[in-house]
Amino acid sequence: MKLNDLLLSKSIDRVFVFQSLSKLNVNHSDYIKHELNNQFFSNWYSHSDKIYPKILLLHHHFIIISACMPDISGCAIDALTHKMQEIESNL
């Protein structure tokens with residue numbers, strides 16, 4: 001996914017942006033993508049609705065996640081936030 005695709009989308013998807021203060025190298029990026037795509041996203045639900053997100057790592061500092069749906073539950077947002085904190089502590 002490219003940034004233009006995300007920004008020019010006509011949908012009203014919920015988008016989350018996380019920033020890394022330090023530059024993310026290739027190993028960091030690979031780890032983040034693996035943890036999210038293979039460990040977290042496969043089990044990410046908003047109540048009983050499966051979330052099929054898209055992820056974009058931008059400029060070695062930004063992790064942009066689109067939930068690909070306009071509304072998700074607070075519990076789903078909390079789960080994403082906790083996963084990102086876990087990834088941060090592991091890096």
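**Exercise 1. Overall layout**

Task: State how many helices and strands the protein chain has, and give their order.

Solution. The protein chain holds 3 helices and 5 strands. This is a predicted model. Along the sequence the pattern runs α-β-α-β-β-β-β-α. Next, take burial: 34% of the 91 residues count as buried. Then take the surface. Its accessible area is about 6000 Å², and carbon and sulfur atoms account for 52% of that. Last, take contact range. Among contacts between residues at least 6 apart in sequence, 66% join residues at least 24 apart.

**Exercise 2. The length of helix α3**

Task: Check the end-to-end distance of helix α3 against its residue count.

Solution. Helix α3 covers residues 74-90, which is 17 residues. The expected span is 1.5 Å times one less than the number of residues. That gives 24 Å for α3. The end C-alpha atoms are 24 Å apart, so the two values agree.

**Exercise 3. The two sides of α3**

Task: Find which residues of α3 are buried, and decide whether they line one face or are scattered around the helix.

Solution. Start with the list. Ala 76, Ile 77, Leu 80, Lys 83, Met 84 and Ile 87 are the buried residues. Seen down the axis, they fall within an arc of 125°, so they line one face of the helix. The spacing has a general background: an α-helix has 3.6 residues a turn, so residues three or four places apart point the same way.

Now name the packing partners. The buried residues of α3 pack against β1 (15-19), α2 (26-40), β2 (45-46) and β5 (62-66). Turn to the other side. The face away from the buried side carries the exposed residues Cys 75, His 82 and Ser 89.

**Exercise 4. Strand β5 and its partners**

Task: Identify the strands that pair with β5, give the sense of each pairing, and say how β5 is placed in the structure.

Solution. Take β1 first. β1 and β5 pair in the antiparallel sense over 5 bridges. Gln 19 has Phe 62 of β5 as its bridge partner. Then take β4, residues 54-58. β4 and β5 also pair in the antiparallel sense, over 5 bridges. Here Leu 56 is bridged to Ile 64 of β5. The hairpin of β4 and β5 has 3 residues between the strands, and His 59 takes a positive phi near 55°. Finally, check burial: 4 of the 5 residues of β5 are buried, so the strand is largely enclosed by the rest of the structure.

**Exercise 5. Two residues of α2**

Task: Describe the burial and the contacts of Ser 29 and Ile 32, leaving out neighbours up to four places away in sequence.

Solution. Ser 29 is found in helix α2. Its relative accessible area is 13%; the cut-off for buried is under 20%, so Ser 29 is buried. Ser 29 is in contact with Leu 24 and Leu 57.

Ile 32 is also found in helix α2. Its relative accessible area is 1%, so Ile 32 counts as buried. Ile 32 touches Leu 24, Ile 55, Ile 63, Ile 87 and Leu 91. For a distance, take Ile 32 and Leu 57. They are 25 residues apart in sequence and 9.2 Å apart in space, C-alpha to C-alpha.

**Exercise 6. Cysteines**

Task: Count the disulfides, and classify Cys 68 and Cys 75 by accessibility.

Solution. A disulfide requires two cysteine sulfur atoms within 2.5 Å. By this rule the count is 0. Cys 68 has 28% relative accessibility and counts as partly exposed. Cys 75 has a relative accessible area of 59% and is exposed.

Note on methods:
Residues numbered from 1 in each chain as written. Predicted model: local features only at pLDDT ≥ 70, side-chain atom pairs only at ≥ 80, totals over all residues. Heavy atoms only, no water. Buried < 20%, exposed > 50% of the residue type's maximum accessible area, 1.4 Å probe, protein only. Helix = DSSP H or I, 4+ residues; strand = E, 2+ residues; numbered from the N terminus. Contact = heavy atoms within 4.5 Å. Areas by Shrake-Rupley, 256 points an atom, 1.4 Å probe, with all protein chains shown as cover. Arc of directions from axis to C-beta. Pairing = 2+ DSSP bridges.
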